[in-house]
Amino acid sequence: TFKQHIQEGGNVFTGKTAGIKLEYIKPTMEAYFAELKQLFPKKASIFNANHFKPLGSVGKKPISGDIDLAIDSKSLLDKNFSDASIEEWGIDPKAVQQEYAKLTQRAKTSTSEQIAMKAFLKLLVLHINSHAPTLYCDEKKITNGNIFGLYPQINSKGEHVGIGVQIDWMIGDIDWLTFSYHSSAYPEGSNVKGLHRTQLMLSAFNQVGLSFNHVSGVKDMDTGKVITTNPTEAIKEFNKRLGTHFNADSVDDYYKLHAALKKHASDEDYSKILDIYFKILDSTR
């Protein structure tokens, strides 16, 4: 079976995924959501594109490298991480509490909420891997805002095409996630990808003492406190520190953002932003 294949030796993802063709995305996602509904019947109402929103360039070009899905943390669990909301997933709350205790001993900077979410996601992944017919998740790379899954690509006839696609969950504030992971539809054959816009924006925020995190929002680098997970407020704080007047449209894609920085930032700030940006590009190869 597909699941036995992907569990055989080594990294479960290596050599078992490929970019997914545009025409395969819809049937693959329909099958993916159907499997999750069967696996978690009490949460069936969330397994759709209204709750799991495709991020980045998914569906905007002929082939997508993988499928990133934003899901609001409030759709997974209630704000108190109550036993009842955990049990809806068929997971034992006591097991989550035990995992939380283990993680707390090793955590250095994570908040209690972040640790609780990671503990839940760890148990969720173990449940998926034990019970799902074809979906498999990486048990070693779970974070407080991400799980990474592998699912077979399916064509319009409902047939497996013989290779998988990586499907990842990005968990947090849905408005922030759709903003931070946004990717415009760049021209076919262009070297520019959604990650370039995000990394250039990260560099610009870094220059004014702000940490730009995909999942947790914007943090003041001096105090370590999260300032906001609201995209409008984030841009407002950035403008205040850099002395610019950007809006959401100004940072919509790589070309607009670069042009705005070159035109409106000081020469010194622009140069330092590019220095940071190139270092990030080097580190990500």
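Two strands count as paired where DSSP finds at least two bridges between them, the strands (E, at least two residues) and helices (H or I, at least four residues) being DSSP runs numbered from the N terminus. The views below show a predicted model, with residues numbered from 1 along each chain as its sequence is written; local features need pLDDT of at least 70 and side-chain atom pairs count only at pLDDT 80 or more, while totals for chains, interfaces and linings use all residues. Side-chain values use heavy atoms, leaving out hydrogens and water.

**View A. Confidence along the protein.** The protein has a mean pLDDT (the predictor's confidence in each residue, from 0 to 100) of 90. Residues that reach 70 or more make up 95% of the protein. Among its elements, α4 has the highest mean pLDDT, 97, and helix α1 (residues 2-6) has the lowest, 54. Where pLDDT is low, predicted coordinates should not be read in detail.

**View B. An open sheet of five strands with mixed pairing.** The strand order is β2-β4-β7-β6-β5. At the edges are β2 and β5 (136-137), each of which pairs on one side only. Strands β4 and β7 are parallel and share six bridges; one of the bridge partners is I167 in β7, set against I67. I167 is also the bridge partner of G149. Strands of a sheet pair through backbone hydrogen bonds, in either a parallel or an antiparallel sense.

**View C. The hairpin of β6 and β7, and the helix across the sheet.** Strand β6 (residues 146-154) pairs with strand β7 (residues 160-172) in the antiparallel sense, over eight bridges. F148 stands opposite D168 in β7. Five residues lie between the two strands of this hairpin, where G158 takes a positive phi near 80°. Helix α2 lies across β4 (67-72), β6 and β7, and runs at about 120° to β6; such angles run from 0 to 180 degrees between N-to-C directions, the axes being lines fitted to C-alpha atoms, for helices over the stretch in contact.

**View D. An open sheet of three strands in antiparallel pairing.** The order is β8-β9-β10. The edge strands, β8 (210-213) and β10 (226-228), have a single partner strand each, so one side of each is left without a neighbour in the sheet. From one strand to the next the twist averages 35°. Four bridges pair β8 with β9, and N213 stands opposite G217 in β9. The hairpin that joins these two strands does so through three residues. Strand β9 (residues 217-220) runs antiparallel to β10 and is joined to β10 by two bridges, with V218 opposite T228.

**View E. Helices on the three-stranded sheet, and the two faces of β8.** Helix α8 (residues 194-207) lies across β8 and β9, at about 155° to β8. Helix α9 (residues 231-242) also packs on the sheet: helix α9 touches β8, β9 and β10, and its direction makes about 105° with that of β10. In a regular strand, side chains alternate between the two faces of the sheet. Along β8, L210 and F212 point to one face and are buried (under 20% relative accessible area, with exposed over 50% and partly exposed in between, for a 1.4 Å probe and protein chains only), whereas S211 and N213 point to the other face and are not buried.

**View F. Aromatic rings around F47 and W89.** Rings of Phe, Tyr and Trp (its six-membered ring) pair if their centres lie within 6.5 Å, with planes under 30 degrees apart counted as stacked, over 60 as edge-to-face and the rest as tilted. The count by this rule is 18 aromatic pairs. F47 and W89 have ring centres 6.1 Å apart and planes at 85°, so this pair is edge-to-face. F47 is in the loop between α2 (22-39) and β2 (53-54), and W89 is in the loop between α4 (83-87) and α5 (93-106); the pair thus links distant parts of the chain, 42 residues apart. F47 is buried, at a relative accessible area of 1%, and W89 is buried with a value of 1%. Both belong to one aromatic cluster, together with Y32, F33, F40, F52, F120, Y151 and W169.

**View G. Surroundings of L103 in helix α5****.** L103 is buried, at 9% relative accessibility. Apart from neighbours within four places in sequence, L103 is in contact (heavy atoms within 4.5 Å) with I115, K118 and A119. From C-alpha to C-alpha, L103 and I115 are 6.6 Å apart, with their positions 12 residues apart in sequence numbering.

**View H. R197 over the ring of F179.** R197 lies over the face of F179, 5.1 Å from the ring centre. A charge counts as over a ring if NZ of Lys or CZ of Arg is within 6 Å of the ring centre and within 35 degrees of the ring normal.
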